[in-house]
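Here's a quick briefing to read alongside the coordinates. Pull up the viewer, and let's walk through the fold, the charges and a few residues worth clicking on.

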Amino acid sequence: IVWQTPANSDYIFRNGRHVRPYYFEFISHVKNRWAGKTIVDLFAEEFKGRPYEYYVNAVKSGRIQVDGQIVPVSFKVQSSQKISHFLHRHEPPVMALDVTVLQEETDVVTVSKPASVPVHPCGQYRKNTVVGILQAEHGLAPLFPVHRLDRLVSGLLILARNPAKADCFRQQIEAGKVQKEYVAKVIGVFPEEEQIVDANVCYNARGGKSSVERGKPACTKFVRIDTNGTHSIVLCKPITGRTHQIRVHLQYRGYPIANDLLYLSFRIDPVCTNCPHLAPKGYDEEGLWLHCVRYSGPNWSYECPYPDWA
């Protein structure tokens, strides 16, 4: 993938942070199992997100090229040839919130990540990411995220400014020397005494959701900070780092995050044709009531202010 440097002029603020559509070149090389296929059949079979006619027109117009050359639709690709696909990208908008720089050091930058913004380029997002925004608005590059936060999660994000520092953090995390703390707003009166959840977490990539069943061992400690009788503010200390671990462990204990539609429980009617599809839907761009507040390790600690809802 050819990275394009984001600039301030790329962003438009209108009911969210939008990115001006831009041309982008995706690059791949022909795998052995693709060799001998026509360029159109290759794309139609391997990249099914667009209709066959699109790929015919893209080849004819030069939007799809082989080794930098325009080829006919009947062209058969050979192993290791370079394929370029030039797209006019329309990134989804994110919430119109700033990525606030908390601390800037020689080797490290810490920021307060707003909800809805991915950490780094992924999927449909390139410029509407923390890394892209920091480069465009603060001139900070290159940056190497030390850890990740889900797109709808807010809070502390640590970024190294060189690969050596990033590797140092990575080794400490893998060695279990780094402690992480989050706050969450959950449904119900959370118990006053510390709760420890030891339950395996299995992530289903197709459904985009984790469950407590088979999977990898996971442990989270929870401490109630406050409650108003309807909701509770809970300090969450994940010991392991599984996908959606805090969210699914809170649901498992019976206190799901109050606005987490993916993990709220619904009454399922076995005859209803809508019920099986109810839980995965319903996301809008409201940020989750889950916020990273602190990371600490050997001789270092970084913090982020609590959110308004906490």
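What follows starts with the whole chain and then goes down to single residues.

Keep in mind that this is a predicted model. The protein has 310 residues, and 44% of them are buried. Its secondary structure adds up to five helices and 17 strands.

**Overall picture**

- Measured out along the principal axes, the C-alpha trace covers about 70 × 60 × 40 Å.
- Take the contacts with a separation of 6 or more: 63% of them are between residues 24 or more positions apart.
- The accessible surface is about 16,300 Å², and carbon and sulfur atoms hold 50% of it.

**Charges and salt bridges**

- There are 37 positive and 30 negative charges, and the mean positions of the two sets sit 6 Å apart.
- The salt bridge count is 13.
- One of these pairs Glu-137 with Arg-17, with 2.8 Å between the closest N and O atoms. The two partners come from distant parts of the chain, 120 residues apart: Glu-137 belongs to helix α3 (residues 130–138) and Arg-17 to strand β2 (residues 17–19).
- How exposed are the two ends of that bridge? Arg-17 is buried, at a relative accessible area of 0%, while Glu-137 is partly exposed at 29%.
- Glu-174 and Arg-170 make a more local pair, both sitting in helix α4 (residues 163–174), four residues apart, or about one turn of the helix. Their side chains form a salt bridge with an N to O distance of 3.0 Å.
- The spacing in that pair fits a general rule: an α-helix has 3.6 residues a turn, so residues three or four places apart point the same way.
- Within the α4 pair, Glu-174 is exposed with a relative accessible area of 59%, and Arg-170 is partly exposed with 37%.
- Glu-303 and Arg-294 are also joined by a salt bridge, at 3.0 Å from N to O. Glu-303 is partly exposed at 49% relative accessible area, and Arg-294 is partly exposed too, at 22%.
- Salt bridges with shared partners also tie Arg-33, Lys-37, Glu-45 and Glu-46 into one network.

**Helices α1 and α5**

- Which residues of helix α1 (residues 39–46) are buried? They are Ile-39, Val-40, Leu-42 and Phe-43.
- Looking down the axis of α1, the buried residues fit within an arc of 160°, so they line one face of the helix.
- The cover over those buried α1 residues includes α2 (52–61), β4 (64–66) and β5 (82–89).
- In helix α5 (residues 245–253), the buried residues are Gln-245, Ile-246, Arg-247, Val-248, His-249 and Leu-250.
- Right after α5 comes Gly-254, which has a positive phi of about 100°.

**Phe-190, a loop residue**

- Where is Phe-190? Look in the loop between β10 (179–187) and β11 (195–198).
- Phe-190 counts as buried because its relative accessibility is 0%, and the cut-off for buried is under 20%.
- Setting aside residues up to four places away in sequence, Phe-190 touches Gln-195, Phe-222, Arg-224, Ser-232, Val-234, Leu-250 and Tyr-255.
- One of those contacts, Leu-250, is also among the buried residues of α5.
- If you want a C-alpha distance to check, Phe-190 and Asp-226 are 8.6 Å apart in space and 36 residues apart in sequence.

**Asp-198, a strand residue**

- Asp-198 lies in strand β11.
- Is Asp-198 buried or exposed? It counts as exposed, at 60% relative accessibility, because the cut-off for exposed is over 50%.
- Apart from neighbours within four places in sequence, Asp-198 is in contact with Ala-218 and Cys-219.
- From Asp-198 to Ile-239 the C-alpha separation is 9.8 Å, with their positions 41 residues apart along the chain.

Methods. Residues are numbered from 1 along each chain as its sequence is written. This is a predicted model: local features need pLDDT of at least 70, side-chain atom pairs count only at pLDDT 80 or more; totals for chains, interfaces and linings use all residues. Side-chain values use heavy atoms; hydrogens and water are left out. Helices (H or I, at least four residues) and strands (E, at least two) are DSSP runs, numbered from the N terminus. Buried means under 20% relative accessible area, exposed over 50%, partly exposed in between (1.4 Å probe, protein chains only). Contact means heavy atoms within 4.5 Å. Accessible areas come from the Shrake-Rupley method with a 1.4 Å probe; for residues, only the protein chains shown count as cover. Lys and Arg count as positive and Asp and Glu as negative; His and the chain ends are not counted. The place of a charge is taken as NZ of Lys, CZ of Arg, CG of Asp or CD of Glu. A salt bridge is a side-chain nitrogen of Lys or Arg within 4 Å of a carboxyl oxygen of Asp or Glu. The arc is that of the directions from the helix axis to the C-beta atoms.
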